[in-house]
Structure formats: C-alpha cells, structure tokens
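Dear colleague,

I am handing over the structure we spoke about, and below it you will find my notes on what turned up in it. Please read them with the coordinates open beside you.

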Amino acid sequence: MTGKRRFCTYVIILVFFVAGGGALSALGGQEDELTDARQLIAEKRYNEALLILTEVIRKDPDKTEEAENLIRQVRRYRGSYNDRYEELIQVLYQDEDVGRALQIIRELETLDPNPSPATVSALDKARESATFIYEQQQFRTVMEAALALLDQGNYWDASQMYEDAIGLGKEHFDGTGFGNIIGNRVEAIIASVKREAAAFRNARTVQSELLQELKAAASSGDENTLRAALNRYAQVFLPVARTMGVALQAVRELHEQNILVQPDKEDRFLGYTGRLIGGWQASETPEGIKGAAQRLLDDASRPAIEMLQDRAAALIEEGRAAAETEDWYGARDSFAEALRVIDEAARFMNPWYQALAVQGTALSSESWKLVSFEAPLFLGLSTLRAAAESRISLVEALAALGDRNVAAPTSLEELRAFRANLLRQAAPIESLRSDWLAFSNTTGENPLTPPRIQSISRVYKDDLEAWGNRISDLEISAVDRIAAMQLTIITDGVASGQADYLRGTELVRGMQTQVEVSPGVFETRVVHKPSEALTIFSELTARFNTLEASARSFLTTYGNEETRFRSYPGIVQKMTEAQNSIAEIQRLRALLGPSVTTARANVLQAERFKSEGNLRLNETQSAITAGNFEAAHRALALARQSFLNSLALEDDEELRTQSDARLIALDDTMREAENRQVLAEVRSLIDRGRNYYNEGRYEEAETALTRAQLRWQTTQTTEEPEIAYWLGFVRAALFVSSARSILITDPLYNEMNQLLNLAREDYTRAQQLLAEGNRRDALARLTSADEKITQIKKTFPFNQKASVLALQIAFLRDPGNSTAMFRTMFDTARSKIGVNNQEAYSELQDLQQINPNFPGMNQAIYDVEIALRIRIPPPSQRDLAESRRLTQAAYGAVARNETAQFEIALAQVNEALRLDPNNRQAMEIKTRLQDVGGGTVVNVLPASAEEQFRTAQQLFNSQNYFEALAIVQRLLATPAGKNYPPLEELRRRIESQI
C-alpha cells in the first residue's frame, strides 16, 4: 500500500470514529506526537488520539506502522463500547428491565468519559425511555391492584391506592417548562380531589355499616324499616356523591389543561393522573377514585330502588285489575299508593343527582357514562310515576263517562250531534292516550328501561287504546260515512272532467273516424277539431276551480281532525283520494293551459295555411294567365300542400270541398293552357329531331326527341307514337355509329388510340420503304401494323379506323391484286345484307373510305341502312295513298266537330304519319285534335285521395308493402288517380320490392 493510499484509508477511519468529535487539540513537536497519542488513549480520549495518529501517518511514513498499531488499539476499545450499547437496546426496549438498563448507561459513561454530542443525546433518550417504562409498569400495577380491591367491595383502600399513585410522570411534567400558571392549576385540581377522597375514606366505618343496613332493609321488604334506613343513609352518603362529582370535574379539567400544553398528544403525568382519578375512558367498569365512590353508591342504592320499583309495579297491576271491573275507587287507591312508593325510591337517586350537579349544565363524556349507568333505574321510576299518575286520571275520566254503549244514529244530523257528544265525553281519555303514546316512545319503552316496566308501559298504552276505541269506533264510523258522501261528489266531478279533457285533447291530437273513400269502401281518417276542443277547455276551467275548492275544503275539514280520525284507514283513504283528486285537477289544469295554447295555435295555424292556400291559388291563376306554367305548377302544389296542412290541423269539410273544387278547376285550366304550349314545343322538337336525323346528326336528334318526349309527359300520360317512331330510328343509328368509334370516355381509349397511331406509323413507314425498294423491311412493318390492329379489333371489332387501316395494309401488301381484291370484298359485304346487317354495314363503310366512287357502293350502303332501320325507306305509292286517305277521314271528323270521333281521328293521323312521316297535313290535324283533347296528366288529387296517397308513402317507407299497394291500387282505379304520375311511380316502386 502506498503512503498516499494508506493515508486516505485512515482519514476514512478518522471520520467514522470521531465525526462530530470537536477540533483537534494543540499538539507538541513531531517527536512527541506518538507519546501524546498514547497518553490520550490511556485517558480514553479516543477521538483526539485518532486525529493525532492520522496526522502522523500523513507527515511521517516511517512511523506509519507504529501509528497503525495504536489505531487498532482504539478500534478494540470502540468495539467493546458498541457491544454494551447494543445490550442496552435489548434490555431497555425488549426485556423492559429498567434497572439493568440504567446500570448499562452508567457503564457506557465510564467507558467513554468524553463522548460526542450525539452519544450524549442517545444516552439521555435511553435514560428517559427507561424512566417512562418504569412509570408505565408502576401505573399498570396500581390500576390492576386497585381494580381487584374494587371488585372485592373494598372501595376505600382502592381509593387510597389510586391517590398514592398520583405523581407518576411528575418529574417529566416539571421538566417541560409549561409555566407556573398551568402547574399551579393542575396542583389545585389534584388537591381538590384528594380532599374529597380523604373525606370519603374518613367516613368509611359509618358508610360500611349503613351499606349493610340498607341492603338488609331492602331485602326485608318492610317499607317502614327501609324508610328509616334511608333517612340515615341520605345524610352520610352525600359526601360520597360529592367525591364522585369532584372526580368527574377533575378529569375534565385535567384534559383541558393537557390541550393547553400539548394539543396534539397526551402528557404522561396528566394522563396517568386523569386515569387514577376517573379510570380508563373506554372501560365499561367504574375505576379510579370516581369509580370507588360510584360503586359504593350503586351497591347502597340499587337494591332498595329495585325493591321499591317492584312494589310500585305490583300496586299498578292491582289498580288495573280493579279498573277492569269498573271499581274506580279501588283502582284509584292502588295507583295513589304506588306514587308514594315511587317517591321513596326516588330519594335513593338523589346522591346521583348530587354528583352530576357538581358538573354544572355541561356534562362531560364521563358524566354521560354515569348517566347511562344509572339510566335504567331513573327511567324505570319515571315510567312507573307517569303510569300511576295517568291511570288516576283515566279512572276519574271513566267514572265520569257514563253509558258508552249508545247505538250510532243513521241520519247526517244525528251523526253530527252524536259525534259532538262523544267528543265532549272522550276528550280526557284521548288526551291521556296521546300523552302516553308520546311518553312511552321516549321513556316507557326506552331500551334502557327495565323489561318489566317496559311491559307495564305497553300494557297501559294498550289499555288506553282499548278504552278509547270503544268510543272512537262509533265516532269514526260516523265521520267516515259523512266523508264518503262529500268525496263522491268530488271524485265524480273529476272523472267527468278527465273524460271531457281527454276528448278535447283527442280533438286536438286527432281522433280516428271511418270515412267512405269510395262507394262501399271505408277508411280510417284521423280528424282534428281544435275549435271544438277550445269550447270544451273553456268550460273545464271553471269546473276545475269549483272541484278543487271543494276538495281542499274536504282536506281542511278532515285534516284538522284528531290523529285518531286522520289515521283511520277509511279517512286516510278518502283524504288520499281527495289529494289525488286535487293532484289530478292540478295535473289536468297544468295540461289544460298548454292544450288550450296548442288548440288556439292550431286554429290560427290552420287559418294561416288556409289563407296561404288561397294566396297560392291566386298565384297559380296569375301564372297560368302569364303562361308561366313552371310557376303555376309550383304554386298549385304549394296550394295543395297548404290546404292539406290546414285540414291536418282543423278538419273543415267546407274547406275540404271548396279547396278540392278550386284546385281541380285550376288544374284543368292549367293543363288545357299548358297543353297548347306543349303541343307547339313538341311539334317543333320533333321537326328539329327529324332534320338532325336526316343530316346524320344522331346525338343532336336524340337530344331534341328526348326533350320532346319529356315535354309531352308534362300534360299527357300516354306515349306520343310519332316521338317513339323517330327515336327508334335515331337510337338505331346511334348504336351502329357508336360501335364504329372509340369514345373518349371509354377506359381503353388512350391505350387503343396509341396502338392505332403506332399501327399507322408502321403503315406510313412501310410505304416509304416500298418506295425505296426495301420490300422485306416494308412487309415486316406491315406485319407489325397488322398485329396492332388485331389487338384493337379483339375489343372493338367494328372500329372503323382500325378496319380501314387494315384494308389499306392489305392493298399495299399486294398492289397488283388490289382491284380484284376490292371487288371480292365488296361482293362479300353486300351479300351479308339481310343476314348480318351490322357486319355488312361496317364492311361497306370501310370499303367506301377506300373507294367512295366504286360502282354500286352508295346503293349498297343505302340498302343496308334501310335494313338496320337507321334510314327511313321512302313510302310506297300505296303507303302515300293510304296516308292521304286516313288524313282526310280525320279531317272530316274535325271539320264536322264530331268530338265523339276525335279519338278515332287521332289514331288515324298517327297511322298516316307512320306511313308517310312527311305528311304535313296529318301533323296539323293531329295538333288540333291533341289541343281539343287537352292534357291528361292530373297535377293534384282531392284532399282525401292525397291523404291516402301519403299514407301509402308512409307504409312503403316502413316496408308495409302490401298495405301500401292496396291503397295505391284503389286510388289508381279512380279517374284522377290513374292519371296522377306520382301514384304510378309509387306503384312501380312497391312492386319492385315485392
């Protein structure tokens, strides 16, 4: 080990042993340092010696070994010290051998006469703990020994033992420095207790003799002997009570002083003293100086009190038996004698009251323990006294009551007079019953009252109940009958009000009514009548006020009755019914306000909807006049909705009839006027579509004809055959042309267009290579182009650009044979007409792109277009003649205004136009016929039909398809329903779900 490392090691040792040991004392020269260290070790000044030795090791490595030997010597001395200290901990805190612990403390002080401050503090705490344990042992010994004396009946020696032990912990208390005020007060409290305890013990002989005398007197059963013993006892035992009271007061004051000096914990001295005076707080058995006096009082008084209680109870039972035979005077004498006995027993309780009186008005927890300890005696005497006094009053009332068996009368006047008489006679008994009921609940049947006396209390309560019930039953019966008569009027009125209110609310919410929707067909309709409901509600308000006043008067009358009437089941039930009637009236009145508000609001809202409907009708008429049929449709629909909204709130048959008539009339007018406009627009759109078709502008033709079809459906429910005729040709042409090209919207457009461009590049390059004389590379290019075209035609077999390019490649590959090849291809394509028109048409169009002037090409294309129905064939002479004939026939019916023939005439001109689509005369006659016939689309249904239609919609939305379909089919069978497009649409939707 190097000198530096060895020095560090001993510095650590130094810190471990002498930490906190003070500064290093002055040292001599270097040659005297080891000598000084040995001297300090001999004087047991180990800390100073270690400091010197550590310094020697640091300064002079040659002396290290000798210094280390001296350090090891110090460590051996220190080890002995530590072992003794560990023994101190064992002896003091585990063995609790206080004497041995104090001896070890003295040895430790000898081993280390110059200890560090920490060591001094530890030894001081150990000495204090030893003292505390000693005091605890002494305290427990005293408490156990004194309790044994108390259990043996030696109250006086136990008191002396408690008093002698007062002072445990006093040394610690005095050393805490609480001050003279606290100390003097504590001394005064202890002195007062000692004075009373000394007086208690000084009368020991007299107390002991009187105790035996009292017990003997109580056992004898002779009341005179007991009274004589009691008189002597009362004078001698008051100091005992005084001792008990002062002890109780002292316990409380010592606790208050402890709070002053140490709020959060108990002082040892004050705690020991409090328990020596008052006993353990949690103990159920009296202990301490207070317990000694308390036990003496209890032993002296309890036997006498219990004997007198038994005597008083027997006298009360004798009096009760006499009362049962109506021997009122004998019963009264027994009860009076019982009161005298109870007075004697009460005198034995006086010392207890004396002890509590010392405490003043505020009782401590210890005082409450005392009260609860003697509570059974006190409650027993109180109950017996009250029972005797009350029974005296009872027999006096019963003696004055007279005949109690009068039969109850039957008339209302007699019942009231009879009840008044019973009240006068039975009032004293009822008062006694009420008073005893209250008393028995708190005292007579208190759980602390002795069981026998509780039984007396319960029996008396039953007796009062029985005597009172003999009269009360008759009175209650009369009252109950009167109440029943009065209540019936109220409840009948409330029930009637309920029914009327429900009917009124039903009129507001809607009530179901059977309505004949068609001959022999009835349907349930929800009808609302808020105006009628308002009339009902108005009458109900006054009626409810009268009924509530009657019910409240009923409750006041019977609520002011005595408890025995109010608690009678019949009256309780009737009062409950009256309260329920008031609650129901208030509930109905509370509902009535919002119901009236709702009814008024519905009436006003119905009027607003009605006014709005009339306003919309005027708007409809104005829009028709202005030719703004879109606005007219919108206004008419709003009018229909407004009238339906009004009828939904207030079912008004007059409004229903008038609104239906006006709506249907306006619908007819609008349809007639709009039909003229529609016919003109449709004719214009048909002509435009024909022109577009003839020009090959198929998409524009389809747009025009589709618009014509939609416009036609505005006023007509049947299909326009001319539109359908032209749309057939246009869509056939569109179908054929769409197959010939790739639309930009097609997902493969970019890919196919790229392949086509690449194929065209190959073709162009092949042309160049052939011109350069490079046939081999040219043919390779053409093969590559063919492969790309093949890929395109797998998906788009009729694509014109790919087909034309394929032909061009074929002719370029074999130019010498191109003419014959073209002829063969043309003949093959023409031969497919009538067999595969689509393929024939595509091939001919492709060949036309190569050679448009080829002989027969235009005729062949014309023939295949006729076959594909993308070109209208010219009418034959026969068709033209038939078209003219039909036109003339129709014209004749129009000219003669034969309206019955107009439907036939319309069919004739439609056929004429099929035979000759360019027959202008037929077109004009057709327009005139359609104008005369008017539109067939119905825009509004009658209110009842509209309501059924909306019911069907609701049923459909709730997936009740068959019920919805039944309504729809019934409506479609009506003239208006069959031409109402939304109805047909709903039928289609329903059938799609079935």
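**Two cavities and a helix pair**

In the lining of the second largest cavity, 5 residues are nonpolar and 3 are charged, with no polar ones. Please keep in mind that this is a predicted model.

That cavity, the second largest, holds about 40 Å³ of space, and its lining consists of Glu223, Leu226, Arg227, Leu230, Leu308, Val341, Glu344 and Phe348. The elements giving two or more residues to this lining are helix 11 (223-261) and helix 14, and the largest share, 4 residues, comes from helix 11.

Helix 14 (residues 328-347) also packs with helix 13 (residues 288-324), at an angle of about 170 degrees and with the axes 8 Å apart; since angles over 145 degrees count as roughly antiparallel, the two helices are therefore roughly antiparallel to each other. Among the residues that make this contact are Leu308 and Leu315 of helix 13 and Val341 and Glu344 of helix 14, and the contact residues divide into 14 nonpolar, 3 polar and 5 charged. Leu308, Val341 and Glu344 appear both in this contact and in the lining of the second largest cavity.

The structure holds 2 cavities of 30 Å³ or more, and the largest has a volume of about 60 Å³. Its lining is made up of Leu679, Val682, Arg683, Ile686, Glu720, Glu722, Lys926, Thr927 and Gln930, of which 3 are nonpolar, 2 polar and 4 charged. Helix 23 gives the most to the lining of the largest cavity, with 4 residues.

Best regards

How values were computed: Residues numbered from 1 in each chain as written. Predicted model: local features only at pLDDT ≥ 70, side-chain atom pairs only at ≥ 80, totals over all residues. Heavy atoms only, no water. Axes fitted to C-alpha atoms, helices over the stretch in contact; angles between N-to-C directions. Parallel < 35°, antiparallel > 145°, perpendicular 65-115°, else oblique. Contact = heavy atoms within 4.5 Å. Nonpolar A, V, L, I, M, F, W, Y, C, P; charged D, E, K, R; others polar. 1 Å grid on protein atoms, 1.4 Å probe; cavity = no way out; pocket = protein on both sides within 12 Å on 5 of 7 lines; lining within 4 Å. Points joined across faces, edges and corners; volume = space filled by probe spheres on them.
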